[in-house]
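Open the model in your viewer and keep the sequence panel visible. The stops below are given in the order in which to select them.

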Amino acid sequence: MPAKSELSAGTAGRTRPAVPAGAARRRRDKDAGRGAGRGTGKRPAALRKEARLGLLLVLPAVAVIIILIGYPTLASIWYSFTDRMVGTPGRFIGLDNYTRLAQDSGFLSAAANLVLIVGVSLLLKLVLGTVVAVILNRPMPGRNLWRLLVMLPWAMPGFVAFMGLRLMFESPYGAINVALDTFTSPIPFLSDPDWARVSVVLATVWRGFPFWAISILAALQTIPKELYEAARMDGASAWQQFTNITVPQIRSTVAVVAVISAIWTANGFENIWLMTQGGPSTTTMTFPVLSYLSLQSRQLGQAAAYAVVILPVMALFIMLLSRRKKEI
């Protein structure tokens with residue numbers, strides 16, 4: 001009988017045949033699937049039954065989305081390629097509606113205002129919402145009452161909010177001009193092109209910043225207090241704690257809120273129509289207002305083109321922010 005050392009040496013000298021990487025991966029996936037089935041105690045038939053039940057439960061929500069969102073969106077895209085008017089079926093005219101848009105001065109103003117109003121208002125909402133959220137996250141007397149008051153601009157109907165702001169911005173007898181009467185002459189907030197843009201942006205920020213504040217406040221309350229305690233023990237200042245702890249923890253929330261707020265602001269109608277109706281001239285014109293004006297003249301095709309032209313811009317914006325969120 002050969003010695004034990006000789007057997008060990010012979011065994012060590014032999015090597016196992018190499019297994020292809022693809023086959024090894026498939027074997028691991030198969031073993032993992034078996035392990036998952038043993039761990040849950042469920043057979044593949046039971047899992048398939050649960051999957052069918054899940055699809056059945058989701059089906060009503062999918063049907064509602066298709067009926068309320070999918071069909072109107074596809075219909076608007078089709079109408080934008082026709083000369084359809086109220087009461088008439090219209091005919092296919094290709095890109096004629098979009099050609100008219102490019103030649104319309106109101107379209108260029110709407111495109112510029114899209115960047116201006118959305119960009120500036122998002123920045124101001126971010127700053128104001130973050131400051132208010134940080135303040136409301138600190139212990140203070142009547143903190144719940146202050147949180148309730150912050151939500152008022154967001155909770156009240158848009159018509160009431162913007163009509164009230166319009167009365168405040170009116171010249172020369174609006175509340176703001178009356179308050180500034182002793183310091184300066186009346187400011188034409190709604191009749192001067194530059195002041196009209198400023199007024200619309202301020203009204204949009206005032207209406208929308210509570211959504212930012214409450215969302216960021218919710219994110220702040222999920223941050224462990226131990227992180228701040230450890231930072232203070234290491235001698236970190238309040239600003240260092242904010243930049244190194246708070247900001248990284250709320251980035252994902254800010255990205256989601258920014259996408260939602262950008263969509264709402266770009267599609268906003270009340271803030272423009274109730275404040276300036278797109279004027280003076282077309283200095284505060286936006287795509288929703290242009291679409292509404294086309295509807296007033298019964299031109300469904302042109303109105304649909306104004307509504308559809310903003311879709312690629314919003315899609316690009318969402319893609320950029322979504323990519324940024326994944327990097328975070």
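Start with helix α6 and helix α9, where α6 passes α9 in a left-handed crossing. To bring the pair up, select residues 143-155 for α6 and residues 193-220 for α9. The model on screen is a predicted one. At this site the two axes are 6 Å apart and the packing angle is about 135 degrees. An angle over 145 degrees would count as roughly antiparallel; α6 and α9 are therefore oblique to each other.

Now show side chains at this crossing. On the α6 side, select R147, V150, M151, P153 and W154. Their partners in α9 are W206, R207, G208, F209, P210, F211, A213, I214 and L217. Coloured by class, this contact between α6 and α9 shows 11 nonpolar residues, 1 polar residue and 2 charged residues.

Stay on α9 and select T204, which also belongs to this helix. Is T204 buried or exposed? Its relative accessibility is 7%, and the limit for a buried residue is under 20%, so T204 counts as buried. Which residues does T204 touch, once neighbours within four places in sequence are set aside? Select I117, S121, K125, F162, T265 and N271 to see them.

Next, go to helix α11, residues 238-266, and pick out T246 within this helix. With a relative accessibility of 5%, T246 counts as buried. Add Y228 to the selection: the side chains of T246 and Y228 are joined by a polar contact of 2.7 Å. Y228 is also one of the residues that T246 touches when those up to four places away in sequence are not counted. The others to display around T246 are L220, I223 and Q241.

The second helix pair is α4 with α14. Select residues 96-103 for α4 and residues 300-308 for α14. How do the axes of this pair cross, and within what distance do they come? The crossing angle is roughly 70 degrees, and the axes come within 9 Å. Angles from 65 to 115 degrees count as roughly perpendicular, and α4 and α14 are therefore roughly perpendicular to each other. The handedness of the α4 and α14 crossing is right-handed, whereas α6 and α9 have a left-handed one.

For the residues in this contact, select N97, Y98 and L101 in α4. In α14, the residues they meet are G301, Q302, A305, Y306 and V308. By class, 5 residues in the contact of α4 with α14 are nonpolar, 3 are polar and none is charged.

From α4, move to the loop between α3 (44-79) and α4, and select R91 there. R91 has a relative accessible area of 55% and is exposed. Add F81, which is 10 residues away from R91 along the chain. A distance label between the C-alpha atoms of R91 and F81 should read 8.4 Å. Beyond residues up to four places away in sequence, R91 touches F81, T82 and D83.

Finally, clear the selection and display the whole protein. Its secondary structure comes to 15 helices and 0 strands. Of its 328 residues, 31% are buried. Considering contacts with a separation of 6 or more, 66% are between residues 24 or more positions apart.

Definitions and conventions. Residues are numbered from 1 along each chain as its sequence is written. This is a predicted model: local features need pLDDT of at least 70, side-chain atom pairs count only at pLDDT 80 or more; totals for chains, interfaces and linings use all residues. Side-chain values use heavy atoms; hydrogens and water are left out. Axes are lines fitted to C-alpha atoms, for helices over the stretch in contact, and angles run from 0 to 180 degrees between N-to-C directions. Helices (H or I, at least four residues) and strands (E, at least two) are DSSP runs, numbered from the N terminus. Angles under 35 degrees count as roughly parallel, over 145 as roughly antiparallel, 65 to 115 as roughly perpendicular and the rest as oblique. A crossing is left-handed if the near helix is turned anticlockwise from the far one by less than a right angle, and right-handed if clockwise. Contact means heavy atoms within 4.5 Å. Ala, Val, Leu, Ile, Met, Phe, Trp, Tyr, Cys and Pro count as nonpolar, Asp, Glu, Lys and Arg as charged, and the others, Gly among them, as polar. Buried means under 20% relative accessible area, exposed over 50%, partly exposed in between (1.4 Å probe, protein chains only). A polar contact is a pair of N or O atoms within 3.5 Å; within protein, one must be able to donate a hydrogen and the other to accept it, and residues adjacent in sequence count only if both atoms are side-chain atoms.
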